[in-house]
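The exercises below are to be worked with the model open. Each has a task sentence, followed by a solution in steps.

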Protein chains: 2
Amino acid sequence: MPIFDPSPRSKVRRLAERASYDSSVIYPIIDAALVCHVAFVADGQPFSIPTLHARMGDSLLLHGSAGSRLIRHLQAGNEVCVSFALVDGLVLAKSVFHHSVNYRSAVVFGRGRKIEGQEEVLQVLQAFTEKILPGRWDEVRPPNPQELRITGVAALEILSASAKDRSGPPGDDPEDAELPVWNGVIPLRPGAGALKSDSPLPVSPSVAAFLKRLQE
Amino acid sequence: MPIFDPSPRSKVRRLAERASYDSSVIYPIIDAALVCHVAFVADGQPFSIPTLHARMGDSLLLHGSAGSRLIRHLQAGNEVCVSFALVDGLVLAKSVFHHSVNYRSAVVFGRGRKIEGQEEVLQVLQAFTEKILPGRWDEVRPPNPQELRITGVAALEILSASAKDRSGPPGDDPEDAELPVWNGVIPLRPGAGALKSDSPLPVSPSVAAFLKRLQE
């Protein structure tokens with residue numbers, strides 16, 4: 001797995017001790033994030049679009065309607081910057097200033113390219129499905145030619161990337177120690193509500209496994 | 001509350017029936033999101049930075065180290081685009097193609113400006129604290145002059161904005177109805193793990209109220 005060079009673009013400037021350029025740190029953050037936010041430039045203006053993603057090796061995968069502006073921008077080979085953020089907890093201090101969040105975030109830079117060819121496109125769509133629900137791909141009907149025709153897929157070769165995180169308790173000032181207010185961390189994690197379904201069938205193994213992981 | 005004009009920049013092109021330009025739809029999404037992703041252009045390149053935010057009226061508030069590149073970029077009056085995404089559920093269909101997520105997302109465009117003056121800065125910092133933990137501001141030590149000096153605050157006047165969402169069950173094709181696989185929605189919502197604290201004190205009212213809301 002690559003360790004990226006902290007380029008002028010990707011170099012973390014603030015709280016640099018919280019930064020990493022190691023893909024073994026960065027990729028798990030990308031994989032754990034359900035959505036990413038893609039920044040691109042069009043007519044000199046910044047745009048940010050939230051979307052789903054998957055990853056295969058050093059490529060970030062994005063998909064959408066074949067006609068979507070973002071997908072066409074990527075397929076045309078333009079540079080984008082994609083960010084990911086996971087909030088792991090609220091950090092509650094004895095002072096306003098030291099309030100914070102525990103988080104893991106990643107920022108990647110790269111250039112898009114079009115994914116073409118039925119086999120490659122299917123591989124990418126499978127990566128999307130399997131990222132969230134391993135096993136689901138084999139349980140359901142695969143894409144038909146018409147569905148493939150209207151789906152646009154792009155890959156981003158990750159050229160440079162960085163991660164940043166915070167964990168642990170609040171960093172209260174020693175002189176605040178005696179203030180009579182609770183300090184600590186509220187850990188946050190995704191939870192599932194009651195399933196909504198009209199299906200008379202039991203949930204499939206991929207769904208059961210997903211629900212089990214959420215409760216771990 | 002304003003209804004924004006769907007400008008060429010903010011106009012939602014894909015699945016336009018899922019789009020809204022009404023601030024009464026957009027602002028609750030902004031307020032519910034813990035983090036946003038700010039896209040900006042520097043040297044012609046796109047950058048995307050995840051960060052915390054708050055909102056006061058038609059202004060989006062951002063803060064950070066007084067020397068941070070993002071904050072200085074905003075304070076200098078540059079245009080940015082900020083996106084927000086809440087994933088409400090996984091939509092599991094009988095075909096790969098109709099798998100989706102239920103979500104609420106927003107994209108706003110605007111120009112930054114520097115927030116100056118101790119009173120204004122304090123008001124903004126209070127908005128950040130109160131957004132997540134109403135009441136916390138009055139429980140803890142307020143910022144001192146040194147803390148205020150190293151905190152940079154910027155506001156973004158929201159000039160145009162849009163929201164998009166999906167809700168409801170999977171949109172399976174009628175011809176897939178008999179496929180023997182469970183379909184439905186797994187609702188996702190943030191949950192809290194066990195509190196981490198060395199404090200001998202009980203949690204403060206703001207924290208107790210936050211934990212109660214998470215369980216509703």
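**Exercise 1. Pairing across the chains**

Find the bridge partner of A:Leu188 in E9(B) and describe the strand pairing around that bridge.

Step 1. The partner of A:Leu188 in E9(B) is B:Ala192. Strands, like helices, are DSSP runs numbered from the N terminus (helices: H or I, at least four residues; strands: E, at least two).

Step 2. Strand E9 of chain A covers residues 184-192, and five bridges join this strand to E9(B). The two run antiparallel. Strands pair if DSSP finds at least two bridges between them.

Step 3. Note the basis of the model: it is predicted, local features need pLDDT of at least 70, side-chain atom pairs count only at pLDDT 80 or more, and totals for chains, interfaces and linings use all residues. Residues are numbered from 1 along each chain as its sequence is written, while chains are lettered from A and ligands numbered from 1 in the order in which they are written.

**Exercise 2. The relation between the copies**

State which symmetry relates chain B to chain A, and which residue of chain B comes closest to the rotation axis.

Step 1. Two copies of a chain are related by a rotation about an axis and a shift along it.

Step 2. Here a turn of 180° with a shift of 0.0 Å along the axis lays chain B on chain A, with an RMSD of 0.0 Å. This is the relation of a two-fold axis. The superposition is by least squares on the C-alpha atoms of residues with pLDDT of at least 70 in both copies.

Step 3. In chain B, the C-alpha of B:Pro190 comes closest to the axis, at 2.3 Å.

**Exercise 3. The interface**

Work out how many residues each chain gives to the contact and what classes they belong to on the side of chain B.

Step 1. Chain B gives 75 residues and chain A gives 74. Contact requires C-beta atoms, placed from the backbone, within 7 Å.

Step 2. Elements of chain B that give two or more residues include strand E7 (100-114), helix H3 (118-132), strand E9 (184-192) and helix H6 (205-215).

Step 3. The side of chain B that touches chain A has 45 nonpolar, 18 polar and twelve charged residues. Ala, Val, Leu, Ile, Met, Phe, Trp, Tyr, Cys and Pro count as nonpolar, Asp, Glu, Lys and Arg as charged, and the others, Gly among them, as polar.

Step 4. Because 99% of the interface residues of chain B are also interface residues in chain A, the copies meet through the same surface.

**Exercise 4. A tryptophan in a loop**

Is A:Trp182 buried or exposed?

Step 1. A:Trp182 lies in the loop between strand E8 (151-166) and E9 of chain A.

Step 2. A residue is buried if 20 or more other C-beta atoms lie within 10 Å of its own, exposed if 12 or fewer, and partly exposed in between, with C-beta atoms placed from the backbone. A:Trp182 counts as buried because it has 20 such neighbours.

Step 3. Leaving aside neighbours within four places in sequence, A:Trp182 is in contact with residues of chain B, among them B:Ser197, B:Leu201, B:Pro202 and B:Val207.

**Exercise 5. The two sides of a helix**

Identify the buried residues of H1(A) and say which elements cover them.

Step 1. In helix H1 of chain A (residues 23-32), A:Ser23, A:Ile26, A:Tyr27, A:Ile29 and A:Ile30 are buried. They lie on the same side of H1(A), because they cover an arc of only 160° around the axis.

Step 2. A:Ser24 and A:Asp31 are exposed on the other side of H1(A).

Step 3. The cover over the buried residues includes strand E6 (79-92), strand E7 (100-114) and E8 of chain A.

Step 4. Twelve bridges join E6(A) to E7(A), antiparallel, and twelve join E7(A) to E8(A), also antiparallel.

Methods:
The arc is that of the directions from the helix axis to the C-beta atoms.
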